[in-house]
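Hi,

Here is the structure I promised to pass on. Have a look when you get a minute, and my notes are underneath.

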Amino acid sequence: MDMWKPFAKSTRLKAPQSAILYDKFHVMRHLGEALDKVRKSEYAKLTGKNRKFIKGQKYVLLSHPENLTPEKRSGLKLLLAANKRLNTAYILKEQFGQLWSYKSEAWARKFFDNWKASLKWQRLKPYEKFAKMVERHWDGIAAYCKPENKVSLGFVEGLNNKIRVIQRRAYGLRDEEYLRLKILTCMLPPL
């Protein structure tokens with residue numbers, strides 16, 4: 001699930017036996033936002049020709065290097081060589097992605113503690129704020145280490161989309177049992 005407090009609160013209330021697993025896409029999105037704040041602050045410090053290295057590079061910084069075209073990859077290399085703080089922030093973002101590969105919560109915790117310790121002298125406030133957020137949600141993030149939780153949430157997102165479509169089509173109907181049956185049967189093969 002997303003890390004929105006009402007989601008976790010209602011899950012604990014309605015399904016106290018369930019384990020909460022935070023979606024890695026949403027966690028990484030928060031880290032991407034922290035990187036973008038660093039990019040914006042570095043852009044604001046520069047003037048004139050020096051700004052050209054950072055301008056228009058948001059999505060290049062947020063993309064995985066293997067997804068970049070050779071032209072964008074060379075632009076990223078130039079940007080990272082031109083700005084030390086952005087280089088540090090980018091490397092920290094790429095390193096954090098390793099967290100999702102651990103199969104043991106203890107090793108994941110050790111990795112995160114080392115990653116967080118590497119922030120100490122960097123003066124990257126958005127990253128420090130991100131690390132605090134990860135601390136607050138650690139149980140739901142660490143749950144990803146268990147093999148049974150390493151599932152693609154694309155299926156869940158697709159199912160949620162189907163449910164929203166069914167709800168829109170059933171606008172005005174108040175029968176919750178009918179809605180439940182429609183959701184259960186939406187995945188059945190056609191007759």
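Below is what I found about charged pairs and surface patches. Keep in mind that this is a predicted model.

Salt bridges first: the count comes to twelve. In helix α2 (residues 24–45), E33 and R29 sit four residues apart, about one turn of the helix, and their side chains meet in a salt bridge at 3.4 Å, N to O. Both ends are partly exposed, E33 with a relative accessible area of 39% and R29 at 33%.

Helix α6 (residues 105–117) has a similar story: R109 and D113 are four residues apart there, so about one helical turn separates them. Their closest N and O atoms are 3.1 Å apart. R109 is partly exposed at 22%, and so is D113 at 31%.

The pair D36 and K58 (3.8 Å, N to O) is also a salt bridge. This one links distant parts of the chain, with D36 in helix α2 and K58 in helix α3 (residues 58–62), 22 residues apart. D36 counts as buried because its relative accessibility is 9%, under the 20% cut-off, while K58 is partly exposed at 29%. D36 and K58 also belong to a salt-bridge network with R39 and K40.

On the surface, K5, K37, K129, K132 and R136 form a positive patch. Helix α7 (residues 125–136) gives the most to that patch, three residues. R136 lies in helix α7 and is exposed, at 60%.

There's a nonpolar surface patch too: F155, V156 and M187, with about 280 Å² of accessible area together. V156 lies in helix α9 (residues 154–169) and is partly exposed at 36%.

Cheers

How values were computed
Residues numbered from 1 in each chain as written. Predicted model: local features only at pLDDT ≥ 70, side-chain atom pairs only at ≥ 80, totals over all residues. Heavy atoms only, no water. Patch = residues over 30% accessible without salt bridge, like charges linked within 9 Å, V, L, I, M, F, W, Y side chains within 5 Å. Areas by Shrake-Rupley, 256 points an atom, 1.4 Å probe, with all protein chains shown as cover. Salt bridge = Lys/Arg side-chain N within 4 Å of Asp/Glu carboxyl O. Helix = DSSP H or I, 4+ residues; strand = E, 2+ residues; numbered from the N terminus. Buried < 20%, exposed > 50% of the residue type's maximum accessible area, 1.4 Å probe, protein only. Lys, Arg positive; Asp, Glu negative; His and termini not counted. Charge placed at Lys NZ, Arg CZ, Asp CG, Glu CD.
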